[in-house]
Amino acid sequence: MNAAPDTGSPNSGSLDALDLARRLIRCPSVTPEEGGALDLLEEVLGGLGFTCHRLPFSEPGTAEVDNLYARLGAGGRNFCFAGHTDVVPVGDAKAWRVDPFGAEVVDGALYGRGAVDMKGAIACFVAAAARFLETRGGFDGSISLLITGDEEAEAINGTRKMLGWLTERGETLDACLVGEPTSNETLADTIKIGRRGSLNARLTVHGIQGHTAYPQLADNPLHHLVRMLDAVASDPLDRGTAHFPPSGLQITTVDVGNEVGNVIPATARAALNVRFNDAHDSAAIEAWLRRHFDAALKSSSKGGTAGARYELAIRVTGESFLCPPGPLSDLLGRAVEATLGRTPELGTTGGTSDARFIKDHCPIAELGLLNATAHKVDEHVSLDDLRGLEAVYGAALDGYFPA
Ligand SMILES: [Zn+2]
């Protein structure tokens, strides 16, 4: 579905971050819908002289997703901005103070789905690039944008496939700024240089069903399950590493569905999520879980009816990674100091992002708007922050391509 994008403010001669952010928000690009957002970006970037490539990808069992790679400049170092135009659903639209796709400005803030995650940041980078080109038309190098429509959903037909396309064409990125909302309290207080990994595990314990009055004839899987869960919940995975907080494990559900009081159930299920740092990979986490479950089930089964067993289904949504502090994080740090007068922290907290794919191609760092209202009702960004982030991105481009 393509909404007709608003063709802009009266002064559309010079590119304004707020104006572009509003036009992007008005494209209802709820993942994986394109919603007109990439059309709009292609039009704006084309107008600035970028060569644009639309990259729709699909595979069986998934929705086709549209993506955009735009590059200005044919040689020199290629500075890339990576982001996504897809947004999460609005949730309860009636709970919003404004239309989630209306892009209204209320009390000095721009409201709408995607305002911070991350149409606002895309608009800031495009406006910063436009200003950079105005003042520095003949710079030696390339600026590119890697914009996917598939970040908030499965991330199968988005950034990962675009990177494959770039590699096939011999197109290289030399540094990549990811515009995810990394700021916690104030704009640009945090630059992310890595992310924790995430693993979901579903544990099923099989015992023997029976009468609660005759437990010797049964084998209660719940008694095993609670010990197995306790074993992993009570043993810290690590104490944190140089750039990461300690890994954490959360039990997310325990399901038996036993409606009666006199039956020992045959099966018990639980699920857990592990957020792990760079001391581990997902294979090590799985091995750690199995070791604890094996030991706990063995000790729990002592003297009971033999034969309890478990199954473990693992789904990894991302490995942990670290892009150690270096020239790119230094560059961004200096850009923040020069424009906002604050020194950002280098962090690794929060969920996963497409930086996990890009880090295999070039140094990455993530820097964007405040994450306080991301994915929430009344998502909004202050106009001051939009101006501030545009200035930071502009200073980063100036620093990367010294005159
Ligand atoms: Zn995002």
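Helices (H or I, at least four residues) and strands (E, at least two) are taken as DSSP runs and numbered from the N terminus. By this count, the protein chain of the predicted model holds 9 helices and 19 strands.

**Figure 1. Overview of the protein chain and its two domains, domain 1 and domain 2.** The C-alpha trace of this predicted model spans about 85 × 45 × 40 Å along its principal axes. Domain 1 is made of two segments, 17-195 and 320-400, while domain 2 covers 197-318. Taken over C-alpha atoms, the centres of domain 1 and domain 2 are separated by 39 Å. Their contact takes 10 residues from domain 1 and 11 residues from domain 2. On the side of domain 1 that touches domain 2, the residues fall into 3 nonpolar, 5 polar and 2 charged. Of the 403 residues in the protein chain, 46% are buried. Among contacts with a separation of 6 or more, 78% are between residues 24 or more positions apart.

**Figure 2. The open sheet of 4 strands with the order S12-S14-S10-S15.** Pairing in this sheet is antiparallel. Strand S12 (248-255) and strand S15 (309-318) are the edge strands, each pairing on one side only. Averaged over the sheet and with direction ignored, neighbouring strands are turned by 20 degrees against each other. Strand S10 (residues 197-206) pairs with S15 over 9 bridges in the antiparallel sense. Within this pair, Val-205 has Tyr-310 in S15 as its bridge partner. Helix H6 (residues 282-301) lies across S10, strand S14 (267-276) and S15, and runs at about 160 degrees to S15.

**Figure 3. Two separate nonpolar cores, one of 85 residues and a second of 19 residues.** The core of 85 residues is the largest nonpolar core, and the residues with the most contacts inside it are Cys-124, Val-126 and Ala-396. Helix H3 (residues 119-135) supplies the largest share of this core, 11 residues. Leaving aside residues up to four places away in sequence, Ala-396 touches Leu-177, Leu-331, Leu-332 and Ala-335. The second core, of 19 residues, includes Leu-199, Val-274, Ala-296 and Ala-308. In soluble globular proteins, nonpolar side chains tend to be buried together.

**Figure 4. Strand S7 (residues 175-178) and its parallel partners S3 and S18.** In a regular strand the side chains alternate between the two faces of the sheet. In S7, Ala-175 and Leu-177 point one way, Cys-176 and Val-178 point the other way, and all are buried. S3 and S7 run parallel and are joined by 4 bridges; here Phe-79 stands opposite Ala-175 in S7. S7 also pairs with strand S18 (residues 364-366), in the parallel sense and over 3 bridges. In that pair, Cys-176 stands opposite Ile-364 in S18.

**Figure 5. Helix H4 (residues 159-168) and its buried residues.** The buried residues of H4 are Thr-159, Lys-161, Met-162, Leu-163 and Leu-166. An α-helix has 3.6 residues a turn, so residues three or four places apart point the same way. The cover over the buried residues of H4 includes strand S2 (67-72), strand S3 (78-84), strand S6 (142-148) and helix H8 (355-358). After H4 comes Gly-170, with a positive phi near 70 degrees.

**Figure 6. The open sheet of 3 strands with the order S4-S5-S19, and helix H9 packed on the sheet.** The pairing is antiparallel, and the edge strands are strand S4 (105-106) and strand S19 (380-382), each pairing on one side only. S4 and S5 run antiparallel and are joined by 2 bridges. Across this pair, Val-105 has Leu-110 in S5 as its bridge partner. Helix H9 (residues 383-400) touches S4, S5 and S19, and its direction makes about 70 degrees with that of S19.

**Figure 7. Surroundings of Asp-117, in the loop between strand S5 (109-111) and H3.** Asp-117 counts as buried because it has 27 C-beta neighbours inside 10 Å, and 20 or more are required for a residue to be buried. Not counting residues up to four places away in sequence, Asp-117 touches Pro-181, Ala-374 and His-375. Asp-117 and Cys-80 are 37 residues apart in sequence, and their C-alpha atoms are 18 Å apart in space.

Conventions:
Residues are numbered from 1 along each chain as its sequence is written. This is a predicted model: local features need pLDDT of at least 70, side-chain atom pairs count only at pLDDT 80 or more; totals for chains, interfaces and linings use all residues. Two strands pair if DSSP finds at least two bridges between them. Axes are lines fitted to C-alpha atoms, for helices over the stretch in contact, and angles run from 0 to 180 degrees between N-to-C directions. Two residues are in contact if their C-beta atoms, placed from the backbone, lie within 7 Å. A residue is buried if 20 or more other C-beta atoms lie within 10 Å of its own, exposed if 12 or fewer, and partly exposed in between; C-beta atoms are placed from the backbone. A nonpolar core is a set of buried Ala, Val, Leu, Ile, Met, Phe, Trp, Tyr and Cys residues joined through C-beta atoms within 7 Å. Domain bounds come from an automatic or database domain assignment. Ala, Val, Leu, Ile, Met, Phe, Trp, Tyr, Cys and Pro count as nonpolar, Asp, Glu, Lys and Arg as charged, and the others, Gly among them, as polar.
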